[in-house]
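Here's a walk through a couple of helix packings and one pocket. Keep the viewer open and follow along.

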Amino acid sequence: MIQSQPEIKRVEELRQLLQQASYAYYVLDAPIMEDAVYDQLYRELQQLEMQYPELVTADSPTQRVGERPATQFTSVRHNIPLYSLENAFNTDELQAWDQRWRRQAPKIDSVEYVTELKIDGSAIALTYQNGILTRGATRGDGVMGEDITQNVRTIRSIPLRLNFEGLEILEKVEVRGEAFLPLDVFKQINEERQKAGEQLFANPRNAAAGTLRQLDSRIVARRRLDFFGYTLHIPGRDDASIANTQWDALELLQRMGFRVNPNHKLCPSLADVGEYYNYWDTERLNLPYMTDGVVVKLNSFKLQEQLGFTQKFPRWAIALKYPAEEAPTRVENIAVNVGRTGALTPLAEMRPVQLAGTTVSRATLHNSDRIAQLDIRIGDTVIVRKAGEIIPEVVRVLKELRPSETQPFVMPTHCPVCGQPVVRELGEAVTRCVNASCAAILKGAIEHWVSRDALDIKGMGEKLVHQLVDKGLVHSVADLYDLTEDKLYALERMGQKSAQKLIEAIAQSKNQPWSRVLYGLGIRHVGSVNAQLIAEKFLSVEKLAQAKQSDIEGIYGIGVEIAESVHQWFQINANQTLISRLEAAGLQLATSEETTTIADGNQKLAGKTFVVTGTLPTLKRDEAKALIQKAGGKVTESVSKKTDYLLVGEDAGSKLAKAEALGITQLTEAEFLEMLED
């Protein structure tokens with residue numbers, strides 16, 4: 001049915017009214033209309049959209065809950081990595097963090113801090129195109145997350161359309177924040193699950209994470225998740241043109257329609273941060289949601305950019321956590337493990353104790369300095385807690401309960417695995433075995449290589465790795481690719497079918513991308529996120545091996561420590577030999593883009609710079625970019641005088657206007673494909 005102009009106008013009017021009402025109710029906590037009035041307007045909009053289905057849009061309030069459950073979640077790549085935060089557990093550790101970042105920026109005198117309550121929920125990333133919510137994703141590993149857009153749309157405090165009133169209309173906006181369950185909702189959900197005979201959620205955080213991964217968005221809607229926004233990114237442009245500080249960004253998020261935690265504070269000194277932290281230590285118990293600490297950020301975006309990131313964390317922010325749940329137990333033994341880097345790590349083996357919902361029987365003692373500080377001994381009664389509510393650690397020893405026959409624990413002078421002398425380098429707290437042939441180092445290196453985030457060789461678990469090393473079948477990761485079914489038959493519990501599957505899994509690992517191979521090499525300080533960042537910059541192992549340390553440091557998110565470690569690794573002859581063997585075995589040591597371009601030889605777009613905007617008829621934006629790069633062209637996010645072509649789809653935003661002003665040639669998808677064919 002063809003709708004008339006009055007119906008179009010009324011639908012737009014209803015959507016605007018309902019969106020304003022939702023914002024006032026869920027974000028401002030200041031309702032502007034009665035529930036009955038809202039319901040009446042909602043039904044009117046629903047009826048009009050049923051009568052004129054062509055008027056239904058993705059940002060309509062009626063489209064928050066999907067009708068069909070999803071069959072699975074797809075993995076998506078974050079445009080900007082979601083880094084986790086370094087933790088501090090007292091104001092002394094906060095002071096140490098402050099001193100560390102100041103050494104990176106010695107000329108900074110005055111500085112402001114923004115403090116925000118750390119909500120105990122589940123981090124999600126939201127993407128808006130031309131003001132419309134187009135994607136919601138979980139944190140995942142920080143680089144790859146899961147697309148949960150259908151579930152995110154059910155959260156009433158997340159706007160489906162951004163409010164750009166009085167603001168510049170932005171083509172793309174990315175918002176990070178925390179989805180959480182209010183305590184009263186959490187209590188109600190567990191009561192319902194108890195009545196139904198279902199397992200109860202351990203805490204609101206687990207409940208929120210489990211809810212977001214429900215395949216049926218109707219279940220998500222019923223659980224009434226809430227959301228606080230805390231980070232704003234505007235890809236392809238300088239954020240400072242929109243907001244110069246984190247404080248400005250929080251204000252802008254509110255103007256755009258997001259709910260921002262009202263308890264954030266601008267602090268001119270660390271002393272003020274400490275006061276904020278101490279105030280909420282007890283006051284947080286009166287909040288209607290769970291919070292486990294305070295997030296402290298340097299306010300200036302310019303300073304944030306200057307400081308950058310370590311391997312895992314931003315240098316300009318830290319989570320100041322409140323004390324975790326603690327419990328007493330008895331130390332029955334102190335063992336020493338040897339990791340893949342040769343680090344000797346003492347572990348307290350304890351009488352099992354319940355802690356934060358899990359059974360704990362082992363806790364790291366970190367190094368000899370920590371042991372000396374604690375004066376921990378076998379037989380001691382200790383207080384143990386979960387650092388960051390994840391990793392068990394010994395907090396203190398109850399020396400008044402110490403048995404009289406206990407002896408001080410001394411770290412071994414020789415490796416407990418290979419028997420070779422260990423060393424502790426000047427300035428380091430870690431004791432290491434430096435014997436490259438040590439079985440523990442080799443086993444750890446292989447376990448890392450076959451792990452899920454690296455080469456993901458299924459069927460090769462810890463026990464099998466230990467057998468391969470102990471029987472002398474493997475002396476490096478490259479030896480895995482020389483294994484045969486006949487060699488595997490000699491191992492315990494290894495039949496013909498199992499051996500065949502393992503050989504197939506090893507062969508399949510050769511198809512893993514260059515970034516995973518780089519991570520699998522186990523270069524010190526290089527995690528999976530950094531490996532991907534480095535592999536995106538250096539498209540082959542050859543280019544990375546030839547790179548200067550300064551070139552590696554130039555990657556956004558890669559610090560001096562990581563760059564130095566990578567550069568030094570490639571200077572070692574044994575590592576160069578390893579790379580040669582892996583290349584001969586057929587592993588992917590270059591990205592598919594580079595390989596395809598070289599093989600294809602089609603460089604019709606060489607030297608040309610493209611910008612892609614809007615929704616293309618048949619190509620996804622990433623597919624269009626890949627075609628441009630394959631043909632030798634370059635893709636940038638922003639339009640400038642250096643742009644040669646603007647590839648334009650429907651709903652093009654401000655880039656189109658800027659391109660027209662600069663006289664840049666515009667291409668439709670058909671014209672672009674014709675250019676490639678010609």
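Start with helix H3, residues 91-104, and helix H9, residues 270-283: their axes come within 11 Å and cross at roughly 145°. Bear in mind as you look that this is a predicted model. The crossing of H3 past H9 is right-handed. On the H3 side, the contact is made by Thr91, Leu94, Gln95 and Asp98, and these meet Leu270, Val273 and Tyr277 of H9. Sort the residues of that contact by class and you get four nonpolar, two polar and one charged.

Now slide along to a second pair. Helix H12 and helix H13 (residues 462-470) have axes that come within 10 Å and cross at roughly 135°. Angles over 145 degrees would count as roughly antiparallel and 65 to 115 as roughly perpendicular, so H12 and H13 are oblique to each other. H12, too, goes past its partner H13 in a right-handed crossing. Which residues make the contact? From H12 come Ala439, Leu442, Lys443, Ile446 and Glu447, while H13 brings Glu462, Val465, His466, Val469 and Asp470. Between H12 and H13, the contact residues split into five nonpolar, one polar and four charged.

H12 is also a way into the next stop, since it is among the elements that each give at least two residues to the lining of the second largest pocket. The others in that group are strand E18 (431-433), helix H20 (560-569) and helix H21 (573-585). Which of these gives the largest share of the lining? That's H20, with five residues.

How much space lies in this second largest pocket? About 1,300 Å³. Its lining runs to 33 residues, and the ones nearest the centre of the pocket are Arg340, Ile441, Trp569, Ile572 and Asn575. If you're thinking about the chemistry of the wall, the lining breaks down into 13 nonpolar, 13 polar and seven charged residues.

Notes: Residues are numbered from 1 along each chain as its sequence is written. This is a predicted model: local features need pLDDT of at least 70, side-chain atom pairs count only at pLDDT 80 or more; totals for chains, interfaces and linings use all residues. Side-chain values use heavy atoms; hydrogens and water are left out. On a 1 Å grid over the protein atoms alone, a cavity is a set of points where a 1.4 Å probe fits but cannot get out, and a pocket is an open set with protein on both sides within 12 Å along at least five of seven lines; lining residues have an atom within 4 Å of a point. Grid points are joined across faces, edges and corners, and a volume is the space filled by probe spheres set on the points. Helices (H or I, at least four residues) and strands (E, at least two) are DSSP runs, numbered from the N terminus. Ala, Val, Leu, Ile, Met, Phe, Trp, Tyr, Cys and Pro count as nonpolar, Asp, Glu, Lys and Arg as charged, and the others, Gly among them, as polar. Axes are lines fitted to C-alpha atoms, for helices over the stretch in contact, and angles run from 0 to 180 degrees between N-to-C directions. Angles under 35 degrees count as roughly parallel, over 145 as roughly antiparallel, 65 to 115 as roughly perpendicular and the rest as oblique. A crossing is left-handed if the near helix is turned anticlockwise from the far one by less than a right angle, and right-handed if clockwise. Contact means heavy atoms within 4.5 Å.
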